[in-house]
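Let us take a walk through this structure together, going from single residues to helix packing and on to a group of aromatic rings. Please keep the sequence and the 3D view at hand as you read.

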Amino acid sequence: MEPWGISGPQFLWLYAGGVVVAAVVGVLLRKVVFQRERPAGPVSVEEVAYLRGGPVRVVDVAIAQLLQTGAVRVRRSGIMQATGKPGRTELEQAIVDLLGRGKEHARTLKAKLRKHPSIKAVRASLQTRGLLKPDSFAQISVVHLPVLVVFGIGVARFVNGVDLGRPVGMLLFFLFGTVFVLVVRWCMAGRHSETKAGTSFVRGLRSHGPDAGLRLPVVALTGVAGMVALGGLAAFPDETISVALATSDPYRWPGGGGSSSDSSSSSSSSCSSSSSCSSGSSCGGGSSCGG
């Protein structure tokens, strides 16, 4: 008599099918447990920055805003220092606080602040908009729960087969395969992963550039913040500042616009008119560069 009244090959088919069904059930369960209302407003500058360059690009935008308001100064060596003015957002204030303890390079600020709560909030907003995949550790764990139930049944069958002296080599292979997939998915938790809609949106940002606000559901990408969101600190309108901040930047985002061509195009298109780049408040070398 077969154990459990099911032959070995039959159980393998049932196990494989059960894993697939359990994975589908897990995805549906995640949608129920983590259901959120999607933001109705346009995509913000910070969200554009995240899509173009990840967490560090959001820090770039905050740095650019601080330079524009005069709350931060940067030397030609790339060293930044606070001037005593407060930041206008939580992330800006975090940068000011760090610079208040000592001078920093932009790259060290990015390393320290890339997991700031405000950046996590930007990512969460993009997930609820359907532009990033919701692959946090908790969400992946919820997806895996039904699969783990099927895996437990497989382990019980394996132990029973060993006790009865039945061949269990193929079942062991299936169990190891399940564990491998689960571990890989858990290790990938929290990584940047665009949905199809997100990929299409990023393509639109690349093709439309500063005019994206006229063609996509996004805020107007004008001014320093919009330029830096699209092209990074290399697109900052003051050449002295952009060179000082961008030359030693080690961060590059696979899906973002960190390439020199993107940066130069954003900078040139946004600085074509004297009205946007000639004012001393945003681009004058003496206002933000401390020598």
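A good place to begin is Ala106, which counts as buried because its relative accessibility is 4%, under the 20% cut-off for that class. Please keep in mind that the model is a predicted one. Ala106 belongs to helix α4, which covers residues 106-113. Which residues does Ala106 touch, once its neighbours within four places in sequence are left aside? The contacts are with Ile63, Gly78, Met80, Leu233 and Leu245. Val59 can be placed relative to Ala106 as well: the two are 47 residues apart in sequence, with a C-alpha to C-alpha separation of 8.9 Å.

Both Val59 and Ile63 lead us to helix α2, as they are among the α2 residues that meet helix α3. Two packed helices are described by the angle between their axes and the distance between the axes. For α2 (residues 45-69) and α3 (residues 90-101), the angle is about 75° and the axes are 9 Å apart. The two helices are therefore roughly perpendicular to each other, since that description applies to angles of 65 to 115 degrees. On the α2 side, the residues taking part are Val58, Val59, Ala62, Ile63, Gln65 and Leu66, and they meet Leu91, Glu92, Ile95 and Val96 of α3. Sorted by class, this contact comprises eight nonpolar residues, one polar and one charged.

Now let us step back to the chain as a whole. The protein chain has 14 helices and three strands. Of its 291 residues, 44% count as buried. Among contacts with a separation of 6 or more, 72% join residues that lie 24 or more positions apart.

Helix α10, spanning residues 223-231, is mostly covered, with eight of its nine residues buried. The buried ones are Val224, Ala225, Gly226, Met227, Val228, Ala229, Leu230 and Gly231. Just after α10 comes Gly232, which takes a positive phi of about 80°.

Next, have a look at Arg185 in helix α7, which runs over residues 169-187. Is Arg185 buried, exposed or partly exposed? With a relative accessibility of 26%, Arg185 counts as partly exposed. Beyond its neighbours within four places in sequence, Arg185 is in contact with Asp135, Ile140 and His144. The C-alpha atoms of Arg185 and Ile140 are separated by 7.3 Å, although the two residues are 45 apart along the chain.

Our last stop is the aromatic rings, where the count comes to four aromatic pairs. One of these joins Trp4 and Phe11 edge-to-face, at 5.9 Å centre to centre and with 80° between the planes. Trp4 is partly exposed at 43% relative accessibility, whereas Phe11 is buried at 7%. The rings of Phe173 and Phe174 have centres 6.3 Å apart and planes at 65°, so this pair is edge-to-face too. Here Phe173 counts as exposed, with a relative accessibility of 57%, while Phe174 is partly exposed at 24%. How do these residues belong together, and which other residue joins them? Trp4, Phe11, Phe173 and Phe174 form one aromatic cluster with Tyr15. Trp4 also has a charged partner: the charged end of Arg157 sits over the Trp4 ring, 5.5 Å from the ring centre.

Methods
Residues are numbered from 1 along each chain as its sequence is written. This is a predicted model: local features need pLDDT of at least 70, side-chain atom pairs count only at pLDDT 80 or more; totals for chains, interfaces and linings use all residues. Side-chain values use heavy atoms; hydrogens and water are left out. Axes are lines fitted to C-alpha atoms, for helices over the stretch in contact, and angles run from 0 to 180 degrees between N-to-C directions. Helices (H or I, at least four residues) and strands (E, at least two) are DSSP runs, numbered from the N terminus. Angles under 35 degrees count as roughly parallel, over 145 as roughly antiparallel, 65 to 115 as roughly perpendicular and the rest as oblique. Contact means heavy atoms within 4.5 Å. Ala, Val, Leu, Ile, Met, Phe, Trp, Tyr, Cys and Pro count as nonpolar, Asp, Glu, Lys and Arg as charged, and the others, Gly among them, as polar. Rings of Phe, Tyr and Trp (its six-membered ring) pair if their centres lie within 6.5 Å; planes under 30 degrees apart count as stacked, over 60 as edge-to-face and the rest as tilted. Buried means under 20% relative accessible area, exposed over 50%, partly exposed in between (1.4 Å probe, protein chains only). A charge sits over a ring if NZ of Lys or CZ of Arg is within 6 Å of the ring centre and within 35 degrees of the ring normal.
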